[in-house]
Amino acid sequence: MEIFLIKALQFMLAISLLVLLHELGHFTFAKLFKVRVSRFYLFFNPKFHIVSTYDSWVRRLLRLKPEVVPTKEEEETDKDGKVTKKIKKEYVGTEYGIGWLPLGGYCAIDGMIDETNQKLSEIAQPWEFRTKPVWQRLLIMVGGVFVNFLLALFIYSMVLFTWGETYTPLQSMTQGMEFNEEAKALGFQDGDILISTNEKDFKKADANMYRMICNAEEVHVMRQGKPVTIQMPEGLSLVEMAQTVPAFVRPFYPAEIDSVIPGTPAESIGLKKGDKILAANNKEVKSFYGFTDELTRMNDVLVSAKTTEDSLKALQLTLVYQRGEVIDTVNTTLTKDLKLGFAPKQIYEPTTFEYGFLESFPAGIAYGWNTLSSYVSDLKYLFSSDGVKQLGGFGAIGSLFPSAWDWHQFWLMTAFLSIILAFMNILPIPALDGGHVLFLLYEMITRKKPSEDFLIKAEYIGFGALILLMVVANLNDILRAFHLM
């Protein structure tokens, strides 16, 4: 429960910050061009809100003077039949508030057709969005995306300046990589050190490593001290490459114990530092990841267990290990989350690359641009059946945050989400900023505005598509939680 709350708090803080600054981008350009913004809300507020500056107690607390204008003259009759004339007034300032539905936020711009204000008055007013030149309306619409993209680059720069970048370069992994049977069929061999593709050098063992192999025409490796070129076929699937067990490629780490965690099955069966795992459940283990592959297989059996007896059986592990010249076999029961309870030996010392303040900005921009291009490149897999299954909703995104509060990882995740928010919002889909931009570009080219009825219908269609996508993504989360996917 504690881990869930920590992840949830990080997710809520990141999303709140990103939504707030995104809407502030629209708001700033709207105010710059003297367009009235009637409401500025963090989270949505259907029917009611948590707090608003239009609440009288908030105005008293903050000593805000209501900004009102006379609208029309009305007659009122008292109980004695006396008729008096009163001028009705209404607020014209921006209502700032916090809604109760944490699915985003919005700023309602007067004179604009969007999900918050569908019908416009017959007479256009000079302070309305629709009366402004098209170039001003275009800047107002891209303001949120612009802020999110710049924010991501700034966060990446400051992360690199504060913490640097720590990883083990692939070229420094002297014991090379281990490959599955599909990779070996293409020409790879265990122990190959990845050097480069025909386009660029490998950097570190991460998702980008898989992406580079998948898109490469040639992969250059160092094999027993000699350079070797492997010709790559077309049509490799990144999704399949990442999902296979064993993995297509991963760094080689020996199945040697560095330390044992107290109170775990590893301690109870007497494992010690320096012990080498040789087999697990009668399957030979050649590396640490080979051992984790067996745990993955055990997890599949555990998920399909129908009785308590089946579950206990799935947790049983027969381990063969070597200590010095002695080989021994032991049996144990793993924890419910399939942990034996040891840390593997680290044979490589990671390298930290530090950046000065000015150096961090070009490095952060390059980091952000690489993140964006990788994300865009992977979108093609969304249109496959496996890609749809990989969609994740709020649960999947929240699970990406660390289980312990870690500002380094928090800011990296926030920057990544900011990149995603910027890109997704600029897609030419009605109800997103990109849909409005598309119609504005049409207006700039043809000198004709789309009709109000067309914009309203397009808004409904786009909003419906987004709701459907959100339902599918969050349904995937639920199915995964119950091990149905």
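Two residues are taken to be in contact when heavy atoms lie within 4.5 Å. The structure discussed here is a predicted model, in which local features need pLDDT of at least 70 and side-chain atom pairs count only at pLDDT 80 or more, while totals for chains, interfaces and linings use all residues. Residues are numbered from 1 along each chain as its sequence is written, and side-chain values use heavy atoms, with hydrogens and water left out.

The chain contains 15 helices and 17 strands; helices (H or I, at least four residues) and strands (E, at least two) are DSSP runs, numbered from the N terminus. Of the 485 residues in the chain, 40% are buried, where buried means under 20% relative accessible area, exposed over 50%, and partly exposed in between (1.4 Å probe, protein chains only). Among contacts with a separation of 6 or more, 68% come from residues 24 or more positions apart. About 27900 Å² of the chain is exposed, and carbon and sulfur atoms supply 61% of that area; accessible areas come from the Shrake-Rupley method with a 1.4 Å probe, and for residues only the protein chains shown count as cover.

Gly 187 offers a point of entry. This glycine sits in the loop between helix 4 (181-186) and strand 7 (193-197) and is partly exposed, at a relative accessible area of 29%. Beyond its neighbours within four places in sequence, Gly 187 is in contact with Arg 223 and Ile 230. The C-alpha atoms of Gly 187 and Val 228 are separated by 9.8 Å, although the two residues are 41 residues apart along the chain.

The interior comes next. In soluble globular proteins, nonpolar side chains tend to be buried together. A nonpolar core is here a set of buried Ala, Val, Leu, Ile, Met, Phe, Trp, Tyr and Cys residues joined through side-chain atoms within 4.5 Å. The largest such core has 48 residues, and Phe 188, Leu 194, Phe 291, Leu 319 and Leu 340 have the most contacts inside it. Elements giving two or more residues to this core include strand 6 (177-179), helix 5 (207-215), strand 8 (218-223), helix 8 (288-303) and strand 14 (316-323). Another core, of 19 residues, lies apart from it, with Ala 14, Leu 151, Leu 372 and Leu 417 among its members. Leaving aside neighbours within four places in sequence, the contacts of Phe 291 include Ile 277, Val 285, Leu 317 and Phe 342.

Charged side chains also reach across the chain. Side chains of opposite charge can pair when their charged atoms come close. With a salt bridge defined as a side-chain nitrogen of Lys or Arg within 4 Å of a carboxyl oxygen of Asp or Glu, the count comes to 11 salt bridges. Arg 250 and Glu 178 form one of them, with their closest N and O atoms 3.1 Å apart. Because Arg 250 lies in strand 10 (residues 249-251) and Glu 178 in strand 6, this pair ties together parts that are 72 residues apart in sequence. Both Arg 250 and Glu 178 are buried.

A further salt bridge, at 3.6 Å from N to O, joins the side chains of Lys 204 and Glu 165. Lys 204 lies in the loop between strand 7 and helix 5, and Glu 165 in strand 5 (residues 165-167), so that distant parts of the chain, 39 residues apart, are linked. Glu 165 counts as buried, at 6% relative accessibility, and Glu 165, Lys 203 and Lys 204 are linked in a network of salt bridges. Within helix 8, Glu 294 forms a salt bridge with Arg 297, the closest N and O atoms being 2.7 Å apart. These two residues are 3 residues apart in the helix, which means that Glu 294 and Arg 297 are separated by about one helical turn. Glu 294 is buried at 5% relative accessibility, whereas Arg 297 is partly exposed at 35%.

A polar residue is also found under cover in strand 1 (residues 37-52), the place of Asn 45. Asn 45 is buried, with a relative accessible area of 17%. Its side chain is joined to that of Tyr 106 by a polar contact of 2.6 Å; such a contact is a pair of N or O atoms within 3.5 Å, where within protein one must be able to donate a hydrogen and the other to accept it, and residues adjacent in sequence count only if both atoms are side-chain atoms.

Two loop residues merit attention for their backbone. Most residues other than glycine have a negative phi. Lys 34, in the loop between helix 1 and strand 1, has a positive phi of about 60 degrees and is exposed, with a relative accessible area of 65%. Gln 224, in the loop between strand 8 and strand 9 (226-231), has a phi near 50 degrees and is exposed at 78%.
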